[in-house]
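Work through the exercises below with the sequence and the 3D structure in view. Try each task before reading its solution.

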Amino acid sequence: MGRRAGRWRDDDPTTHGPRSPDPVTCPLCERTIPSRARSSLHHLTPKLKGGTHKGTVRLHQICHSAIHARFSEAEIARRLADVDALRQDPEIGRFVEWVRTKPDDFHAATRMTRDRRGAKRDR
């Protein structure tokens with residue numbers, strides 16, 4: 001088993017939090033998160049911006065990755081610290097429309113957007 005393969009084991013609560021026996025719904029795309037699907041906890045306010053003890057939501061991993069690929073933590077804290085605000089953003093709205101057509105356990109690699117990649121190089 002490779003290093004990345006062990007990251008998503010169902011019996012490891014440190015990588016994606018404790019699992020609920022009941023089916024969970026992703027609040028962003030509103031699809032069910034099956035137990036076999038990749039998922040993670042999203043801090044509504046990023047931990048680096050004071051959200052360590054604030055609310056979290058369980059999202060499909062692809063939904064969580066899409067958020068962090070498109071927005072900086074400062075922007076998430078400033079204007080997207082709520083699931084409704086995320087859903088209303090045009091970039092995430094297009095993503096949500098697309099991902100709703102996929103199966104509940106769908107996952108694909110997420111690339112950082114071009115404008116965010118350029119910003120990282122300038123640091």
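Helices (H or I, at least four residues) and strands (E, at least two) are DSSP runs, numbered from the N terminus. The model is a predicted one: local features need pLDDT of at least 70, side-chain atom pairs count only at pLDDT 80 or more, and totals for chains, interfaces and linings use all residues. Residues are numbered from 1 along each chain as its sequence is written, and side-chain values use heavy atoms, with hydrogens and water left out.

**Exercise 1. The chain as a whole**

Task: State how many helices and strands the chain has, and in what pattern they follow.

Solution.
Step 1. Count the elements: the chain has 6 helices and 4 strands.
Step 2. Read along the sequence: the pattern is α-β-β-β-β-α-α-α-α-α.
Step 3. Add the burial: 34% of the 123 residues count as buried. Buried means under 20% relative accessible area, exposed over 50%, and partly exposed in between (1.4 Å probe, protein chains only).
Step 4. Turn to contacts (heavy atoms within 4.5 Å). Of those between residues at least 6 apart in sequence, 58% join residues at least 24 apart.

**Exercise 2. A salt bridge between two loops**

Task: Find which residue pairs with Glu 30 in a salt bridge, and where the two lie.

Solution.
Step 1. Recall the rule: a side-chain nitrogen of Lys or Arg lies within 4 Å of a carboxyl oxygen of Asp or Glu. Side chains of opposite charge can pair when their charged atoms come close. The rule gives 6 salt bridges here.
Step 2. Name the partner: Glu 30 meets Arg 100, with 3.2 Å from N to O.
Step 3. Place both residues. Glu 30 is in the loop between strand E1 (24-25) and strand E2 (32-33), while Arg 100 is in the loop between helix H5 (90-99) and helix H6 (114-121). The pair links distant parts of the chain, 70 residues apart.
Step 4. Check exposure: Glu 30 is partly exposed at 47% relative accessible area, and Arg 100 is partly exposed at 39%.

**Exercise 3. Two salt bridges involving helices**

Task: Describe the bridges Arg 79 to Asp 89 and Asp 84 to Arg 87.

Solution.
Step 1. In the pair Arg 79 and Asp 89, the closest N and O atoms are 3.1 Å apart. Arg 79 belongs to helix H3 (residues 73-79) and Asp 89 to the loop between helix H4 (83-88) and H5, so the bridge ties together parts 10 residues apart in sequence.
Step 2. Compare burial: Arg 79 is partly exposed at 40%, whereas Asp 89 is buried at 7% relative accessibility.
Step 3. In the pair Asp 84 and Arg 87, the closest N and O atoms are 3.2 Å apart. Both residues lie in helix H4, 3 residues apart, about one turn of the helix.
Step 4. Join the bridges: those that share partners connect Glu 30, Asp 84, Arg 87 and Arg 100 into one network.

**Exercise 4. The largest pocket**

Task: Say which elements give two or more residues to the lining of the largest pocket.

Solution.
Step 1. Fix the term. On a 1 Å grid over the protein atoms alone, a pocket is an open set of points, where a 1.4 Å probe fits, with protein on both sides within 12 Å along at least five of seven lines; lining residues have an atom within 4 Å of a point.
Step 2. Name the elements: strand E3 (39-43) and helix H2 (61-70).
Step 3. Find the largest share: H2 gives 4 residues.
Step 4. List some lining residues: among them are His 42, His 43, His 64 and His 68.
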